[in-house]
Protein chains: 2
Amino acid sequence: MVDVCLLGCGGMLPLHDRYLTSLIISYKGRKLLIDCGEGTQMTLRASKSGFKTIDTICITHYHADHISGIVGVLLGIANSGRKEPLTIIGPVGLESVISGLIVIAPELPFDINLVELPENKSVITVGGYIVHSIQLDHSINCVGYKIEIKRDRKFDKYKAECLGVPKEIWNKLRKEENVNYKGKLYTSDMVLGEERKGINISYITDTRPFDDLIEFIEESDLFICEGMYGNDEDFEKAVDKKHMTFRESAYLAKSANVKELWLTHYSPALTDPENYIKNANEVFQNSVLGEDRLRKTLYFDR
Amino acid sequence: MVDVCLLGCGGMLPLHDRYLTSLIISYKGRKLLIDCGEGTQMTLRASKSGFKTIDTICITHYHADHISGIVGVLLGIANSGRKEPLTIIGPVGLESVISGLIVIAPELPFDINLVELPENKSVITVGGYIVHSIQLDHSINCVGYKIEIKRDRKFDKYKAECLGVPKEIWNKLRKEENVNYKGKLYTSDMVLGEERKGINISYITDTRPFDDLIEFIEESDLFICEGMYGNDEDFEKAVDKKHMTFRESAYLAKSANVKELWLTHYSPALTDPENYIKNANEVFQNSVLGEDRLRKTLYFDR
């Protein structure tokens with residue numbers, strides 16, 4: 001099972017009663033964080049998620065509301081006692097942004113691996129997660145993420161026996177791909193059953209909708225998507241500012257046949273998102289208003 | 001009259017229910033802000049103080065809890081429509097810190113004047129305030145501030161008449177130091193009464209106490225001072241970490257004969273400062289527990 005917590009639901013400015021949009025995913029005790037605007041360490045602390053096992057931080061783009069809290073998060077991780085290296089992923093420019101911001105945290109007790117994403121699409125495996133990225137359509141270079149959590153394959157005793165795999169190495173082959181035993185090579189494929197459906201969580205913010213995005217997020221178990229504007233009348237504003245209305249996000253959710261949509265990244269002017277959720281629900285019924293520290297546990301299909 | 005608002009009272013880490021220590025002073029529609037840790041823009045927005053008339057930002061030192069929110073504050077000022085230049089004051093290193101952090105706010109609509117303070121003491125006049133600084137005793141280069149607000153001198157009609165200053169330039173001499181009129185030089189001194197006592201607000205955090213500090217803060221109308229630890233038993237910790245206990249701050253307040261002490265910059269572990277205020281009150285009765293957005297209006301002496 002995979003735990004998901006939306007740490008904040010605001011866009012543009014962190015407010016006293018609404019943190020900036022950020023997501024933390026926990027699976028098997030390892031965590032992946034997406035976006036760190038100002039205040040993320042505060043809501044992260046309030047969520048009681050813990051800092052120490054954050055292995056990976058994905059940044060969508062370098063507008064302050066998505067990145068300016070990263071030093072606070074890194075210091076929080078340092079205070080937690082972590083010594084193991086950590087990976088930060090983001091679009092081109094990551095190195096200069098991080099080296100600029102880190103000027104006030106010169107002595108972190110862990111190494112940081114920086115991964116600058118290529119344009120268009122990419123897939124990286126890191127910290128037990130498969131991180132897919134796609135180029136979005138925003139006012140600056142911005143990427144969307146799909147986090148794929150693979151489900152372990154079942155041990156297939158019958159197959160192992162049929163293929164004559166010695167019992168002594170069964171356990172080892174559950175964890176390792178290749179095992180040499182008494183001069184013969186055995187592979188994990190010889191003891192594991194079929195691939196099983198994993199869990200996909202998509203996180204798309206600061207973009208206009210476009211066709212390729214539908215394929216990217218297709219059949220996500222959870223689709224976290226910006227809804228900068230609730231009112232349909234703000235459509236022109238959404239086009240102009242390169243954001244989306246609730247209704248547009250819901251169309252994406254419906255077209256991609258996702259299981260559930262969480263709206264987030266509300267404009268500070270949108271003080272009453274609950275008055276507009278019907279605009280999303282009319283299009284896609286399983287649309288939910290994101291709120292600070294909204295949580296869900298996702299289970300693999302039975 | 002001078003308005004003072006303590007925007008936060010925490011130290012080290014911004015918490016969900018306690019912002020980091022920061023102070024805003026307003027006088028005649030112009031504002032001066034001291035320290036900007038992560039979240040300062042959030043509590044500033046909640047305080048309804050407004051961003052546009054912040055002319056000056058003073059930074060005590062470059063630990064993240066005192067500086068990492070500065071980009072958010074600068075962007076808030078930019079959003080408010082300010083175009084006029086702004087001054088940032090801080091110890092040596094200011095230029096490299098600001099140029100690092102500002103990488104995520106490349107297009108601010110106003111110029112920034114950076115003033116790096118010399119070691120030991122200094123006095124600067126900026127934005128209608130006289131900013132005094134003193135070197136503190138912390139783990140890194142750190143300064144304390146005393147903000148002096150001069151009181152306008154009264155117009156002295158009797159003096160003006162005795163010295164034969166023409167009535168036509170009385171008003172002008174209230175605002176300008178020198179006025180030439182019909183070939184003769186007149187000075188404001190010729191129409192203004194005696195100097196009057198102004199208002200002094202001292203802001204001292206992240207330091208051990210020391211003798212020179214008493215003279216620096218002497219007779220302050222308001223003395224805002226760190227109290228990282230409430231419990232007297234944390235004295236050794238205070239010495240080690242270069243901070244102060246409530247009792248030590250109160251001794252400073254008493255020795256300097258200030259009017260009022262506000263304790264602030266509580267350790268995140270100090271969840272119940274109210275249980276320790278007696279340690280300060282025993283020494284200096286007018287000790288007050290700082291809290292987020294604690295306000296006071298200071299009046300000039302009658």
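Good morning. A residue counts as buried when its relative accessible area is under 20% and as partly exposed when that area lies between 20% and 50%. With that in mind, let us turn to A:D206 in this predicted model. Its relative accessibility is 2%, so A:D206 is buried.

A:D206 is one of four residues, with A:H61, A:H63 and A:H138, that an unreviewed UniProt entry lists under the feature "binding site". In sequence these residues are spread over 146 residues, yet they cluster in space, with a largest C-alpha distance of 10.8 Å. Among them, A:H63, A:H138 and A:D206 belong to the lining of the largest pocket.

Let me stay with A:D206 for a moment. This residue sits in the loop that runs between β12 (196–204) and α7 (211–217) of chain A. Beyond its neighbours within four places in sequence, A:D206 is in contact with a set of residues that includes A:H61, A:H138, A:E226, A:K242, A:H243 and A:H265. The side chains of A:D206 and A:H61 are joined by a polar contact of 3.2 Å.

Now to A:H63. This histidine is located in the loop between β4 (54–58) and α2 (64–67) of chain A. Is A:H63 buried or partly exposed? With a relative accessible area of 28%, A:H63 falls between the two cut-offs and is therefore partly exposed. Setting aside neighbours within four places in sequence, A:H63 is in contact with A:H138, A:S139 and A:I140.

Finally, A:H61 links the two parts of this account. Its side chain has a polar contact of 3.4 Å with that of A:H63, and another, of 3.2 Å, with that of A:D206. Thank you.

How values were computed:
Residues numbered from 1 in each chain as written. Chains lettered and ligands numbered in written order. Predicted model: local features only at pLDDT ≥ 70, side-chain atom pairs only at ≥ 80, totals over all residues. Heavy atoms only, no water. UniProt positions renumbered as here; feature names shortened; annotations may be inferred. 1 Å grid on protein atoms, 1.4 Å probe; cavity = no way out; pocket = protein on both sides within 12 Å on 5 of 7 lines; lining within 4 Å. Helix = DSSP H or I, 4+ residues; strand = E, 2+ residues; numbered from the N terminus. Buried < 20%, exposed > 50% of the residue type's maximum accessible area, 1.4 Å probe, protein only. Contact = heavy atoms within 4.5 Å. Polar contact = N/O pair within 3.5 Å; in protein donor to acceptor, adjacent residues only side chain to side chain.
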